[in-house]
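Trainee: I would like to learn how to read a fold feature by feature, starting from the pairing of strands and moving on to cores and pockets. Could we take one structure and work through it together?

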Amino acid sequence: MKTYFGMTPKGQETYLYTLENEKIKASFTDYGAAMVSLIEKKTNTDVVLGFDCCEDYCAQDAYIGASVGRTANRIGNGRFTLNGQEYQLYINNGPNCNHGGLEGFDKKVWQTEEMENAVRFFRTSPDGEEGYPGNLDVSVTYRLLENGVEITAEGTSDQDTLFAYINHSYFNCDGSDCVLDERLMIPSSEYCINDPDGMATGVFESVIGTPFDFRTFHELGERIQEENIQLKEALGYDHFFPLEGEGIRLMAVLKGEKTSVRVYSDMPGIHVYTANYTNVHGGKYGRHYEPRCAAALEAEYCPNGINRNDGTVVPLVKAGKTLKNTIRYIVEPAL
């Protein structure tokens, strides 16, 4: 179902696309190729943050639900070198470039193709957009599953370039105002240390004996106030966890009293962000999204991988080739 969703400040009309089956109802908008809602119908619980119109999406800067690119997360000093040429990106997060730059994919109106049980958003990011090389053809396809949503992101370029897609949905399994009493599990034995500006350093440490050990379920708020410099500098969790193996595999599970969300992906790992700086009015259901109201579970590449030579998987698209990644969100009533 397609319905009018509002107008951007540039005068562009936007639309909302809704898919539904017996268990799940999900909505997406062509503004930012964002997931607007993901409702588990048995409990009538919408597990993602979002807004009721395009105008409210345009007014916020928290990337809520959006398709983020060309590269998600931070690139150190907004610079990288590719094929011997240095590229300078926009600095928008301390000394770094974050989530694509000044006007990333989250602020674009995408073209749309409606399909059976799916909607495909696509656009061409022109050579030089936000400082990146190459004309990059991007598509993001949301497909309704029996009990969730599958996202397929593809990028094809006419030059070597970077493409590190994420879906930046914020999850709250109970539709409540705080996520800290929900339980998280991440099957990872390491996490990436951040510098004081929130940049992943590429140094991985064991989670054993730390508040980053989610190999078994822990409430998000259980250890978030501990005397830990990583938590203090980030005001909570804002860290990358590598996942062993390849292909689509379990990345994380978030459990509330009403529902649970499982995240699967073929990405190298997952970044967990407990909305530490979020302060957004005008959310769905009249909500004000305050710090720690939800958790972003971002299946992604390790941040700043292009600037390291340590075996980190780099989201590099070779000229004439396609980079494809998949994310699945499975939503079920809590047991």
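Trainee: Which residue in strand 20 is the bridge partner of Tyr191?

Mentor: Bear in mind throughout that this is a predicted model. As a general idea, strands of a sheet pair through backbone hydrogen bonds, either parallel or antiparallel. In this case the bridge partner of Tyr191 is Glu205 in strand 20, and that pair belongs to an antiparallel arrangement in which four bridges join strand 19 (residues 190–194) to strand 20 (residues 200–206).

Trainee: What lies between these two strands, and which residue there takes a positive phi?

Mentor: Strand 19 and strand 20 form a hairpin with five residues between the strands, and Gly198 takes a positive phi near 85°. Strand 19 is also mostly covered, since four of its five residues are buried.

Trainee: In what order do the nine strands of the open sheet run?

Mentor: The order is 11-12-13-14-28-24-23-18-21, with antiparallel pairing. To find the edges of such a sheet, one looks for the strands that pair on one side only, and here these are strand 11 (111–115) and strand 21 (218–219).

Trainee: How many bridges join strand 11 to strand 12, and which residue stands opposite Thr112?

Mentor: Five bridges join strand 11 to strand 12 (residues 118–125), the two running antiparallel, and Thr112 stands opposite Phe121 in strand 12. These two strands form a hairpin with two residues between them, where Asn117 in the turn has a positive phi of about 60°. Moving one place along the sheet, eight bridges join strand 12 to strand 13, again antiparallel, and Thr124 has Asp137 in strand 13 as its bridge partner. Further along, three bridges join strand 18 (residues 183–185) to strand 23 (residues 249–255), with Met185 opposite Val253 in strand 23.

Trainee: Why is one side of strand 17 and of strand 22 left without a neighbour in the sheet?

Mentor: These strands belong to an open sheet of four, in the order 17-26-25-22 with antiparallel pairing. Strand 17 (170–171) and strand 22 (238–242) stand at its edges and each has a single partner strand, so one side of each is left without a neighbour in the sheet. For strand 22 that partner is strand 25 (residues 269–273), to which five bridges join it in antiparallel fashion; within this pairing, His239 has Val272 in strand 25 as its bridge partner.

Trainee: Is Ile270 in strand 25 buried or exposed?

Mentor: Here the cut-off matters, since a residue counts as buried under 20% relative accessible area. Ile270, which is found in strand 25, counts as buried because its relative accessibility is 0%. Leaving aside residues up to four places away in sequence, Ile270 touches several others, including His239, Phe240 and Phe241, as well as Ile186, Met251 and Leu297. The C-alpha atoms of Ile270 and Pro242 are separated by 6.5 Å, although these residues are 28 apart along the chain.

Trainee: Which side chain makes a polar contact with the side chain of Asn325?

Mentor: The side chain of Asp266 does so, at 3.2 Å. Asn325 is found in strand 28 (residues 322–333) and, at 9% relative accessibility, counts as buried. Beyond residues up to four places away in sequence, Asn325 touches Ile151, Thr152, Ala153, Asp266, Met267 and Tyr301.

Trainee: Which residues touch the most other members of the largest nonpolar core?

Mentor: In this core of 59 residues, Leu38 and Tyr142 touch the most other members. Strand 13 (residues 136–145) gives the most to this core, namely five residues. A second, separate core has 19 residues, among them Val36, Cys54, Ile64 and Val280.

Trainee: What is the volume of the largest pocket, and which residues are closest to its centre?

Mentor: The volume is about 640 Å³. Of the 30 residues that line this pocket, Arg74, Asn93, Asn98, Tyr273 and Tyr277 are the closest to its centre. Helix 2 (229–234) and strand 25 each supply at least two residues of the lining, and the largest share, three residues, comes from helix 2.

Notes: Residues numbered from 1 in each chain as written. Predicted model: local features only at pLDDT ≥ 70, side-chain atom pairs only at ≥ 80, totals over all residues. Heavy atoms only, no water. Core = buried A, V, L, I, M, F, W, Y, C linked by side-chain atoms within 4.5 Å. Buried < 20%, exposed > 50% of the residue type's maximum accessible area, 1.4 Å probe, protein only. Pairing = 2+ DSSP bridges. Polar contact = N/O pair within 3.5 Å; in protein donor to acceptor, adjacent residues only side chain to side chain. Contact = heavy atoms within 4.5 Å. 1 Å grid on protein atoms, 1.4 Å probe; cavity = no way out; pocket = protein on both sides within 12 Å on 5 of 7 lines; lining within 4 Å. Points joined across faces, edges and corners; volume = space filled by probe spheres on them.
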